[in-house]
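Reader: Hello! I am new to this structure and would love a close look at a single part of it. Could you take me through one helix and its surroundings?

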Amino acid sequence: MINVSIFFKEIKPIDLLKKNITKLSELIFNDFNYSRIELNIVLTTDERLSEMKKEYFNLDQYTDVIAFTINDQSPSIEGELYVSIDRVRENATTFNASIDKELKRVISHGVLHLVGLDDSSSAEKKEMTKYE
């Protein structure tokens, strides 16, 4: 069972295919042997994520996604992703990708953090990119 909820905070709602985001998340979670998933995705602004990055990670920088694992007792997981739609739009332009494709990449990246992948080292970044 997978339950994905999408929220918009400090931005106007945008048209999303929740079914595609749910399926994408489910595929990743299944690869890591999770079968009961509660996932909240909050789409918000650069400013909000920058504030969160300062508050929770003591870093003063923009980021595209922040992932919080609330409960992880395999095969169940509960988590939250905070996504900067501003970063998604800028990344899409930078990488010559559609906003939809970049949003899926960023959500995939966040889900991978929820299941325990990290991207602190170059080897970890390579592994993360492979899954994305």
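Author: Happily; what follows is a walk around one helix, then the pocket it helps to line, and then the nonpolar cores. Please keep in mind that this is a predicted model.

Let us start with α2, which covers residues 46–57. What length should a helix like this have? At 1.5 Å a residue, the 12 residues of α2 should span 16 Å, and the C-alpha atoms at its ends are 15 Å apart, so the two values agree. Just after the helix comes N58, with a positive phi of about 55 degrees.

Which residues of α2 are buried? They are D46, R48, L49, S50, M52 and K53. The cover over these buried residues includes the strands β2 (36–44), β3 and β4 (76–84), together with the helix α3 (85–94).

Y56 also belongs to α2. Is Y56 buried, partly exposed or exposed? Its relative accessible area is 47%; buried would need under 20% and exposed over 50%, so Y56 counts as partly exposed. Here is something to try in the viewer: find Y56 and L27, which are 29 residues apart in sequence, and you will see their C-alpha atoms 28 Å apart in space.

Now for the pocket. K53, one of the buried residues of α2, is also among the residues nearest the centre of the largest pocket, along with T63, V65, H113 and D119. This pocket holds about 370 Å³ of space, and 14 residues line it. At least two lining residues come from each of α2, β3 (65–73) and α4 (99–114). By kind, the lining is made up of six nonpolar, four polar and four charged residues.

From α4 we can step into the nonpolar interior. In soluble globular proteins, nonpolar side chains tend to be buried together. Here, the largest nonpolar core has 26 residues, and F29, L39, I41, L81, V83 and I107 have the most contacts inside it. At least two residues of this core come from each of β1 (2–8), α1 (18–31), β2, β4, α3 and α4. The largest share, six residues, is supplied by α4. If you look at I107, leaving aside neighbours within four places in sequence, you will find it in contact with I21, S25, I41, L81 and V83.

Another core, of five residues, lies apart from the largest one, and V42, M52, I66 and Y82 are among its members. That brings us back to where we began, since M52 is one of the buried residues of α2.

How values were computed: Residues numbered from 1 in each chain as written. Predicted model: local features only at pLDDT ≥ 70, side-chain atom pairs only at ≥ 80, totals over all residues. Heavy atoms only, no water. 1 Å grid on protein atoms, 1.4 Å probe; cavity = no way out; pocket = protein on both sides within 12 Å on 5 of 7 lines; lining within 4 Å. Points joined across faces, edges and corners; volume = space filled by probe spheres on them. Helix = DSSP H or I, 4+ residues; strand = E, 2+ residues; numbered from the N terminus. Nonpolar A, V, L, I, M, F, W, Y, C, P; charged D, E, K, R; others polar. Expected span 1.5 Å × (residues − 1). Buried < 20%, exposed > 50% of the residue type's maximum accessible area, 1.4 Å probe, protein only. Contact = heavy atoms within 4.5 Å. Core = buried A, V, L, I, M, F, W, Y, C linked by side-chain atoms within 4.5 Å.
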